[in-house]
Amino acid sequence: FAPNLMHLLLGFLSFFVLVIAFLRKKQLNPLAVIYLLMLVLQGLLFCWYLKWQPWHTRLHTPLFMLSVPLICYAISLKNIFYKMMCFIMPLLIYYGLFFDIINFTRPIITINHFTRLGQITSPIKVSDDRYNKYFANNRLQDAPEYMHVMACIEENKCRKIGVIIGEDDWEYPLFCNIYRDKRVPVHIGVSNATKGLETKQERVDCIVSTTINKEFIEHEGKKFMRAEGNQKHIWFYKASAIE
């Protein structure tokens, strides 16, 4: 959620400085020219190959990091650029520290009613445990329900867990300790493009769903009964024999 406007502006400015210097036949380091062309090519390939998604900003990080040497080289071409950067640097440090200390999902300092796009942030604190922080993005209210489902899975010693979830629902909090607990997710009723892939049918020990809230679910010759609880977003179904 941290914008990269300053990084983008500096990258574009350095690009134009180097292009203008090249057109004026100013002596440039050949490696810098090659580096510039590689960086531009990488950006073009990124935009052409990857389908747009809301999470692109994290994928931009390598581009911004790779642009830093180019920015530094452009600054070194003229003394006035160096003096301007000395003035801008404190602003950049403050800009970066602000998003490090007071941010939307992992704040070191929590400010009540701090909003993003009109939404009040979750009251997450630096002292909260790691599991709660998974739900910092306006989903803190879902944490107790996921913890309840996790407790049901552990109580029933389920290893193969049938998963029925919505398009943008969270699966990760159920399997964040998968390497230690050896739980295996088995997706049921898949409706996206992967449904045509040939997969081995596996019997599951339980079913967890974020889309079905019924008394029971029938699957592969078994009836899975919904566990008791005041759940609103995610439900646990325990296996029982069909009568």
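# Cavities, a hairpin and a single salt bridge

The count comes to 2 cavities of 30 Å³ or more. The model is a predicted one. Rolling a probe the size of a water molecule over the atoms shows where empty space is left.

Start with the second largest cavity. About 30 Å³ of space lies inside this cavity. Its lining is made of Arg203, Val204, His219, Glu220, Lys222 and Phe224. Sorted by class, that lining has 3 charged residues, 2 nonpolar and 1 polar.

Several of these names lead to the hairpin. Strand β6 covers residues 216-219, and strand β7 covers residues 222-226. The two strands run antiparallel and are joined by 4 bridges. Histidine 219 stands opposite lysine 222 in β7. Both His219 and Lys222 are in the lining of the second largest cavity. The hairpin has 2 residues between its strands.

What is the sign of phi at glutamate 220 in this hairpin? Phi is positive there, near 50°. Glutamate 220 is a residue other than glycine. Its place is the loop between β6 and β7. Is glutamate 220 buried, partly exposed or exposed? At 39% relative accessibility, glutamate 220 counts as partly exposed, because the partly exposed class runs between 20% and 50%. Glu220 also helps to line the second largest cavity.

Step back along the chain to the loop between β5 and β6. Strand β5 spans 206-209, and threonine 210 sits in the loop that follows on the way to β6. Threonine 210 is buried, with a relative accessible area of 12%. Its side chain makes a polar contact with the side chain of aspartate 169, at 2.6 Å.

Lysine 214 belongs to the loop between β5 and β6 too. Lysine 214 is partly exposed, at 48% relative accessibility. Which distance separates lysine 214 from methionine 225 in space? From C-alpha to C-alpha, the two are 8.6 Å apart. In sequence they are 11 residues apart.

Now turn to the salt bridge. The structure holds 1. Its partners are the side chains of glutamate 154 and arginine 183, which meet at 3.3 Å, N to O. Where do these partners lie in the fold? Glutamate 154 is part of helix α7, residues 143-155. Arginine 183 is in the loop between α8 (178-181) and β4 (184-187). The pair is 29 residues apart in sequence, so the salt bridge ties together separate parts of the chain.

The partners can also be read by their accessibility. Glutamate 154 is partly exposed, with a relative accessible area of 49%. Arginine 183 is buried, with a relative accessible area of 6%. The cut-off for buried is under 20%.

Lysine 157 follows in the loop between α7 and β3, a strand of residues 160-164. Its phi is positive, near 50°, and lysine 157 is a residue other than glycine. Glutamate 220 likewise has a positive phi near 50°. Lysine 157 counts as exposed, at 74% relative accessibility, whereas glutamate 220 counts as partly exposed.

The last stop is the N-terminal helices and an open space. The second largest pocket has a volume of about 520 Å³. Its lining holds 17 residues. Closest to the centre of the pocket are Leu8, Phe12, Leu39, Gly43 and Leu63. Which helices each supply at least two residues of this lining? They are α1 (5-23), α2 (30-49) and α4 (61-75). Helix α2 gives the largest share, 7 residues.

What classes of residue make up the lining of this pocket? There are 12 nonpolar residues and 5 polar ones. The lining has no charged residues. In the second largest cavity, by contrast, 3 lining residues are charged.

Helix α1 offers one further point. Phenylalanine 22 lies in this helix. Is phenylalanine 22 buried or exposed? Phenylalanine 22 is exposed, with a relative accessible area of 51%. The exposed class applies because it takes in values over 50%. Phenylalanine 22 and valine 33 are 11 residues apart in sequence. In space, C-alpha to C-alpha, these two are 8.7 Å apart.

How values were computed
Residues are numbered from 1 along each chain as its sequence is written. This is a predicted model: local features need pLDDT of at least 70, side-chain atom pairs count only at pLDDT 80 or more; totals for chains, interfaces and linings use all residues. Side-chain values use heavy atoms; hydrogens and water are left out. On a 1 Å grid over the protein atoms alone, a cavity is a set of points where a 1.4 Å probe fits but cannot get out, and a pocket is an open set with protein on both sides within 12 Å along at least five of seven lines; lining residues have an atom within 4 Å of a point. Grid points are joined across faces, edges and corners, and a volume is the space filled by probe spheres set on the points. Ala, Val, Leu, Ile, Met, Phe, Trp, Tyr, Cys and Pro count as nonpolar, Asp, Glu, Lys and Arg as charged, and the others, Gly among them, as polar. A salt bridge is a side-chain nitrogen of Lys or Arg within 4 Å of a carboxyl oxygen of Asp or Glu. Buried means under 20% relative accessible area, exposed over 50%, partly exposed in between (1.4 Å probe, protein chains only). Two strands pair if DSSP finds at least two bridges between them. A polar contact is a pair of N or O atoms within 3.5 Å; within protein, one must be able to donate a hydrogen and the other to accept it, and residues adjacent in sequence count only if both atoms are side-chain atoms.
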